[in-house]
Amino acid sequence: MPRISVRIDGVTYEDEVEARLLFVHYLRDKIGLTGTNIGCDTSNCGACTVLLDDHSAKSCTMLAVQADGSEVTTIQGLAAGNGAGSAEDWHPLQTAFHTEHGLQCGYCTPGMIMASVDLLAENPDPTDDEIRHGLEGNLCRCTGYQNIVASVRTAAQEMRSRTEGAQQ
Ligand code: FES
Ligand code: FES
């Protein structure tokens, strides 16, 4: 079986994996990072989105062997210091999804947030249309998307004000 070495949420994992193993199954079943969800079997829903070398990727559309040598961030590694237990450590997107009611069942939320991290890295001040366009690969069955767009807009404002504050 092929060997892989991949850094996930700040931890390096070295494993032998079956060549056909999907990366999402590696994350969930082998590593136990079940915050990354599986919401479809058609590569449509985006619930499985992670950052692969800083770009969003659907982890159900790639093999574990394709992650070899990469730096991966999942929803579980997004908070500062991986401190998911403390709201002060949350990423601004995590906070905004909470304050703007951007989730109901929460199933799509890990993927929405990870796709939004990539979106805001590319475009720190998106219009609502640009947010909708950037998230069109992620499906939500609950919210009607209004509050998701508001959450991303609020997080973008917060991230811009932090950047401006750091520059002064
Ligand atoms: S589980 Fe990956 S796109 Fe739906
Ligand atoms: S909050 Fe339920 S699927 Fe999006």
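Student: Is the crossing of α2 and α3 left-handed or right-handed?

Tutor: It is right-handed in this predicted model. The call rests on a clockwise turn of the near helix from the far one.

Student: What makes α2 and α3 oblique to each other?

Tutor: Look at the angle. The two axes cross at roughly 125° and come within 10 Å. Roughly perpendicular ends at 115 degrees, and roughly antiparallel needs over 145. The angle falls in the rest, so α2 and α3 are oblique to each other.

Student: Which residues make the contact?

Tutor: α2 gives Leu-93, Gln-94 and Phe-97. From α3 come Thr-109, Met-112, Ile-113, Ser-116, Val-117 and Leu-120. By class, that is 6 nonpolar, 3 polar and no charged residues.

Student: Why is α3 called oblique to α5?

Tutor: These helices pack at about 45°, with axes 11 Å apart. Roughly parallel needs an angle under 35 degrees, and roughly perpendicular starts at 65. Neither label fits, so α3 is oblique to α5. This crossing is right-handed.

Student: How do you know that no charged residues are in the contact of α3 with α5?

Tutor: Read the names. α3 brings Met-112, Ser-116, Leu-119 and Leu-120, while α5 brings Ile-148, Val-152, Ala-155, Ala-156 and Met-159. Only Asp, Glu, Lys and Arg count as charged. The count by class is 8 nonpolar, 1 polar and no charged.

Student: Why is α2 oblique to α5?

Tutor: Their angle is about 140°, and the axes lie 8 Å apart. Roughly antiparallel needs over 145 degrees. The angle does not reach that, so α2 is oblique to α5. The crossing of α2 and α5 is right-handed.

Student: How many charged residues are in the contact of α2 with α5?

Tutor: There are 2 charged, with 8 nonpolar and 2 polar. Glu-158 and Arg-162 of α5 are in this contact, and Glu and Arg count as charged. On the α2 side are Pro-92, Leu-93, Ala-96 and Phe-97.

Student: How many Å³ of space lie in the largest pocket?

Tutor: About 240 Å³. Its lining has 12 residues, and closest to the centre are Ile-75, Trp-90, Gln-94, Thr-109 and Ile-113. α2 and α3 are the elements that give two or more residues to that lining.

Student: What classes are in the lining of the largest pocket?

Tutor: The lining has 8 nonpolar, 4 polar and no charged residues. Ile and Trp count as nonpolar, while Gln and Thr fall among the polar.

Conventions:
Residues numbered from 1 in each chain as written. Chains lettered and ligands numbered in written order. Predicted model: local features only at pLDDT ≥ 70, side-chain atom pairs only at ≥ 80, totals over all residues. Heavy atoms only, no water. 1 Å grid on protein atoms, 1.4 Å probe; cavity = no way out; pocket = protein on both sides within 12 Å on 5 of 7 lines; lining within 4 Å. Points joined across faces, edges and corners; volume = space filled by probe spheres on them. Helix = DSSP H or I, 4+ residues; strand = E, 2+ residues; numbered from the N terminus. Axes fitted to C-alpha atoms, helices over the stretch in contact; angles between N-to-C directions. Contact = heavy atoms within 4.5 Å.
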